[in-house]
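Visitor: I should like to learn how the features of a structural model are read. Please take me through them one by one.

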Amino acid sequence: MSVQPITDPKAAGAASPVTDEAFFEALRRSEYANLDAGGHTYLDFTGGNLNPRSLIEAHQKMLLESVLGNPHSTNPTSQLATQLVEEARAKILSFFNAAADYYCVFTTNATAALKLVGESYPFTASSTLLMLSDNHNSVNGIREFVKRRAGRTLYAPLNVEDLQINEEKLAKLLEDGRGEGPNLFAFPAQSNVSGVQHPLEWIARAQALGYDVLLDGAAFVPTSRLDLSVWKPEFVSVSFYKMFGFPTGIGCLLLKKSAFTKLSKSWFAGGTVTLVSVAEQKQHLADGHERFEDGTLNYNMIPSVKNGLEYLETIGMERISARVKAMAGWLAQQLREIRHDNGKPVVRLFGPETFENRGGSLVLTFFDRDGKLYPFQEVEGLANERKISIRSGCFCNPGIDEINSCVSTEEIARYFASRDRHSLPDMVKFLGRMRGATRVSVGIANVQKDLDTFVDFVASLKNKTIAEALRRNEIKAISHC
Ligand SMILES: Cc1ncc(COP(=O)(O)O)c(C=O)c1O
């Protein structure tokens, strides 16, 4: 069995693209040999990418052979650090085709980029923050900044059937939900749960209605090209470890130059000012990316971002994109076909049927032969025993899980009103119903045998019952919608 370079899972079974499988097999051997050495099946690429060997080696060599000093100076070691950091910044801007119109502000991760927008955006009591229900909590959390300024937050729903944008409702909310402003529309280019790639056309549609747009690129950019000369949101958040594994701890905010002055910084810090006086308590903020880069940058690690982007370019973003869609489509089709002897399916997959507008992420739930739902903890535990790394729970994206688990607003309100402390296990007990799911996400280091291992794992659940699993997880009543 081989991965098919197709987007339509129905076409799986056609002639296999040996060349591409051979290419990624070779990449696996040269860059990700630690997977096989440790007997791992890694299927959590939306969580984080893996360290390619060549990136680590190149970076180690650079660190061992260079002397890097704090970039806030003009001495020779400082100059070298500055040069390498600025080369990485220039590479990021050219990778996203953004050099003309954007600043690249280094942050520690996508979350820090999102927080930077949240705390600096000039929300007022007349502002609307409109968000898609399919957002990571690092975007959802921006609503707290809006609340402090007495503005309002609205959520645009997804279609329950396929987890795609409900276009009619979003169009209406954009139009009717606007306050006098400033208004911000925030959505992910790709869902971190379903892998759905939401249409980027919504950027211009929202802007035409006066919104600024925050595009969360964290899950999209590792396997898809984001061309910011075509799509022009005001703000884009990125984490680099999700793109190429190494280094962790570095992300960026791509900030449209025309939106720069909209962001108001609530303090100043070392590195962000051109002049500060203590006698007069005056200061002047720096005019470019420096304004938002508090303190000393991670100058030992940032140079590696340039290598990471070049690594992706050498492989080819289009190639990565096609490969990931093909693997996810193939996997989805195989999983749908796994049935208990009584004909009942072992898994339920959420999201659209095809992978045309999806990345490499599948979200699914598991059922025993009586149609009873497995607790996700049980599934993850069984996968762990086989050294299969998958993700389970709500993936920091409660909006999607509330849809998939059919939890009503009234139920949630009752739960929150019923106690002072809250947690997901406690809510599950309160609802008497399961929440959460399992996420499988494929990426650049995967080869056919990883997919086969996962298919075998799912097949191993055929004809089983979950009575024992329920006792272990102390879940009383199990039902699902
Ligand atoms: C879509 C999306 N946005 C934001 C984040 C937050 O990224 P980080 O934890 O790297 O800041 C993630 C992380 O999984 C994500 O998938």
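Visitor: How many nonpolar, polar and charged residues does the shell around the ligand have?

Guide: The model is a predicted one. The shell around the ligand has 7 polar residues, 4 nonpolar residues and 1 charged residue. Among the residues around the ligand are Thr46, Asn109, Thr111, His136, Ser138, Asn192, Asp216 and Ser239. Ala110, Pro188, Ala218 and Ala219 are also included.

Visitor: At what angle do the axes of α3 and α11 cross?

Guide: A pair of packed helices is described by two quantities, the angle between the axes and the distance between them. Here the axes of helix α3 (residues 53-65) and helix α11 (residues 303-315) cross at roughly 150° and come within 10 Å. Angles over 145 degrees count as roughly antiparallel, and α3 and α11 are therefore roughly antiparallel to each other. The crossing of α3 and α11 is right-handed.

Visitor: Which residues in α3 and α11 meet?

Guide: From α3 come Ser54, Leu55, Ala58, His59 and Met62, which meet Pro303, Ser304, Asn307, Gly308 and Tyr311 in α11. The residues of this contact between α3 and α11 comprise 5 nonpolar, 5 polar and no charged.

Visitor: Into which domains is the chain divided?

Guide: Domain 1 covers 9-48 + 317-473, and domain 2 covers 66-312. The C-alpha centres of domain 1 and domain 2 are 29 Å apart. Their contact takes 28 residues from domain 2 and 24 residues from domain 1. On the side of domain 1 that touches domain 2, the elements giving two or more residues are α12 (317-337), β12 (361-366) and α14 (398-404). Of these, α12 gives the most, with 5 residues. The residues of that side of domain 1 divide into 12 nonpolar, 10 polar and 2 charged.

Visitor: Where are the cis peptide bonds that precede Pro182 and Pro247, and what is the phi of Ala150?

Guide: In general, most peptide bonds are trans, and most residues other than glycine have a negative phi. In this model, a cis peptide bond joins Gly181 and Pro182, with omega about -5°. Pro182 lies in the loop between α8 (167-176) and β5 (184-188). The peptide bond from Phe246 to Pro247 is also cis, with omega near 5°, and Pro247 is in the loop between α10 (240-244) and β8 (251-256). Ala150, although not a glycine, has a positive phi of about 65°. The loop that holds Ala150 runs between α7 (143-148) and β4 (152-156).

Conventions:
Residues numbered from 1 in each chain as written. Predicted model: local features only at pLDDT ≥ 70, side-chain atom pairs only at ≥ 80, totals over all residues. Near = placed C-beta within 6 Å. Nonpolar A, V, L, I, M, F, W, Y, C, P; charged D, E, K, R; others polar. Axes fitted to C-alpha atoms, helices over the stretch in contact; angles between N-to-C directions. Helix = DSSP H or I, 4+ residues; strand = E, 2+ residues; numbered from the N terminus. Parallel < 35°, antiparallel > 145°, perpendicular 65-115°, else oblique. Left-handed = near helix turned anticlockwise from the far one by under 90°. Contact = placed C-beta atoms within 7 Å. Domains from an automatic or database assignment.
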